[in-house]
Each structure stands twice: as structure tokens, then as C-alpha cells.
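Q: Pick one spot in this model and look at it closely for me, then work outward from there. I'd like a connected story rather than a list.

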Amino acid sequence: MDILKLFVALAFGYFLGSLNTAVIVGKIYGTDIRFHGSNSAGLTNTLRVLGKPAAVFVLIGDILKGTIACFIGLLLGVYFYSGEAMDSLSLLAAGAGAVIGHNWPIYFKFKGGKGALTAVAVLFMIDWIMGLLCLVFFVIIIALTRYVSLGTIGATTLIAVISFIPIFEHTLYFNIFVCLMALIIIIKHRENIQRLFSRTENKLTF
């Protein structure tokens with residue numbers, strides 16, 4: 001029964017995550033964001049191509065779908081040990097599904113974004129301290145370099161490493177989840193990594 005609930009959580013998260021906000025907002029604006037700018041269906045590319053109002057809708061949408069997926073996961077109630085969020089296997093499954101759906105949306109020919117914003121929303125739902133640390137690392141790296149991609153990669157990698165520190169008392173399942181999310185985000189940023197090495201990556205302008 002628990003396995004079935006985990007499958008339901010993963011599937012629900014995936015179909016919800018597949019509602020890629022950047023693609024939907026882009027279509028409202030009469031364009032497909034995946035064929036403009038960096039060709040990524042995410043917040044940063046929406047900001048650059050469509051402007052701030054469109055980016056705000058994407059920001060809200062990506063956070064909401066990660067959060068809603070986690071609430072559904074909590075309701076399904078499959079826990080590893082205690083009743084805390086970080087011990088909820090169904091929450092982890094739903095959260096992972098939301099990120100995977102965002103990146104490879106079934107509704108949009110499996111061509112989506114990079115999953116960072118939705119992943120952070122999920123992380124906040126599981127452990128707000130880790131979520132806050134991730135956000136702080138992200139802001140610091142961007143403030144120093146003005147590279148959004150480097151901030152995303154650096155923050156998620158640091159969180160994956162920090163999650164293994166005993167003081168945080170995370171379960172193995174949480175550690176696996178964070179490492180999986182970091183791996184997915186790094187893989188989706190592989191072109192950005194190439195541009196960073198060649199010094200052709202676009203910097204964020206304020």
C-alpha cells in the first residue's frame with residue numbers, strides 16, 4: 001500500500017510539475033520561450049526575454065507547484081520514521097516528481113526548464129533551514145559573480161554536501177533526494193557550465 005502511495009505521489013508531482021509556467025506564460029505573450037534567449041523555460045530566461053511582469057508569474061507558478069506537490073505528499077502520509085516533513089517519503093517522491101516534470105514536461109514534448117526554483121520550493125517545504133541556506137548561498141554567489149547559473153549550481157552543490165553533516169540529523173532518504181536534485185540541476189546546466197569555462201555566459205544585469 002505504501003509503495004502505491006509513493007507511486008501516486010511521484011505521478012501527481014510529475015503531472016503538476018509538467019505545467020511549466022514559463023512555457024504557459026510565454027504562450028500567453030504569443031511566443032515560445034524555449035526558442036528565445038537561452039532557450040530555457042525558466043525564470044531567468046523569462047525575465048530576459050519577456051520582462052519583469054512575466055517573470056513574476058513564472059516565479060509564483062514554479063513555487064506554487066512545488067509547494068502543492070509537497071502538501072499532497074504530506075497528505076498521503078508515508079513516513080520513514082517520525083511524522084516530520086523530512087521523514088515523509090511521499091513528500092520526497094512528490095517533490096522529486098514536480099522537479100522532473102518541470103524539466104521534462106509531458107504536456108510540452110518533454111522540453112522544459114532546469115528545475116532550480118521548484119526544487120528550492122520543495123526544499124523549503126522539507127527543511128526551511130536548508131532552504132534558507134540554499135537561498136543565501138545563491139544570493140552570495142550571484143552578488144560576487146553575477147552569474148545566475150553559477151549561483152544555482154554552487155548553491156545546490158553546497159546544500160548536497162552540507163546535508164550529510166550530522167548536526168542537521170537528516171535521513172538517508174533526504175540526502176539521496178538532495179543529491180538527486182543537485183545532479184539533475186547540474187545536468188540541466190551543462191551548456192551553462194561550458195559557457196562559464198569559455199567565459200561566454202551571460203551575466204545578470206541590475
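A: **A loop and its surroundings**

Let's start with Arg146, which sits in the loop between α7 and α8 (helices are DSSP runs of H or I, at least four residues, and strands runs of E, at least two, numbered from the N terminus). This is a predicted model, so to speak: local features need pLDDT of at least 70 and side-chain atom pairs 80 or more, while totals for chains, interfaces and linings use all residues. Numbering runs from 1 along each chain as its sequence is written, and side-chain values use heavy atoms, without hydrogens or water.

What does the backbone do at Arg146? Its phi is near 65°, a positive value in a residue other than glycine. The residue is partly exposed, at 34% relative accessible area (buried is under 20%, exposed over 50%, partly exposed in between, with a 1.4 Å probe and protein chains only). Phe110 makes a nice companion: its phi is also positive, about 60°, although it is not a glycine. That one is found in the loop between α5 and α6, and it counts as partly exposed with a relative accessible area of 48%. Trp104 lies in that loop too, between α5 (89-103) and α6 (116-126), and is partly exposed at 33%.

Back to the two helices around Arg146, because they lead to the empty space in the model. The largest pocket has a volume of about 890 Å³ (a pocket is an open set of 1 Å grid points with protein on both sides within 12 Å along at least five of seven lines, and a cavity is a set where a 1.4 Å probe fits but cannot get out; lining residues have an atom within 4 Å of a point). Volumes are the space filled by probe spheres set on points joined across faces, edges and corners. The pocket lining holds 41 residues, and the ones nearest the pocket centre are Leu43, Thr44, Phe138, Val148 and Thr152. Two or more lining residues come from each of α3 (43-50), α4 (52-76), α6, α7 (128-145), α8 (148-162) and α10 (190-198), so the helices on either side of the Arg146 loop both take part. In chemical terms, the pocket lining splits into 20 nonpolar, 16 polar and five charged residues (nonpolar: Ala, Val, Leu, Ile, Met, Phe, Trp, Tyr, Cys, Pro; charged: Asp, Glu, Lys, Arg; polar: the others, Gly among them).

The closed space is a separate story. The structure holds one cavity of 30 Å³ or more, and about 110 Å³ of space lies in the largest cavity. Helices α6, α8 and α9 each supply at least two residues of its lining, with α9 giving the most, five residues. Among the lining residues are Ala119, Cys134, Thr156, Ile159, Phe177 and Met181. The lining of this largest cavity has 10 nonpolar residues, one polar and no charged ones.

While we're at α9, have a look at Ile187, which is part of that helix (residues 172-188). Ile187 is partly exposed at 39% relative accessibility. Its C-alpha lies 8.7 Å from that of Lys114, though the two are 73 residues apart in sequence.

Where do the charges pair up? The structure holds three salt bridges (a side-chain nitrogen of Lys or Arg within 4 Å of a carboxyl oxygen of Asp or Glu). One of them is in α4, a helix that also helps line the pocket: Lys65 pairs with Asp62, with the closest N and O atoms 3.7 Å apart. The two are three residues apart in that helix, about one turn. Both partners are buried, Lys65 at 4% and Asp62 at 2%.

Another bridge joins Asp32 to Arg34, its closest N and O atoms being 2.9 Å apart. Asp32 counts as buried at 16% relative accessibility, and so does Arg34 at 9%. Then there is Glu201 with Arg195, where the closest N and O atoms come to 2.7 Å. Here the two partners fall into separate classes: Glu201 is buried at 11%, whereas Arg195 is partly exposed at 25%.
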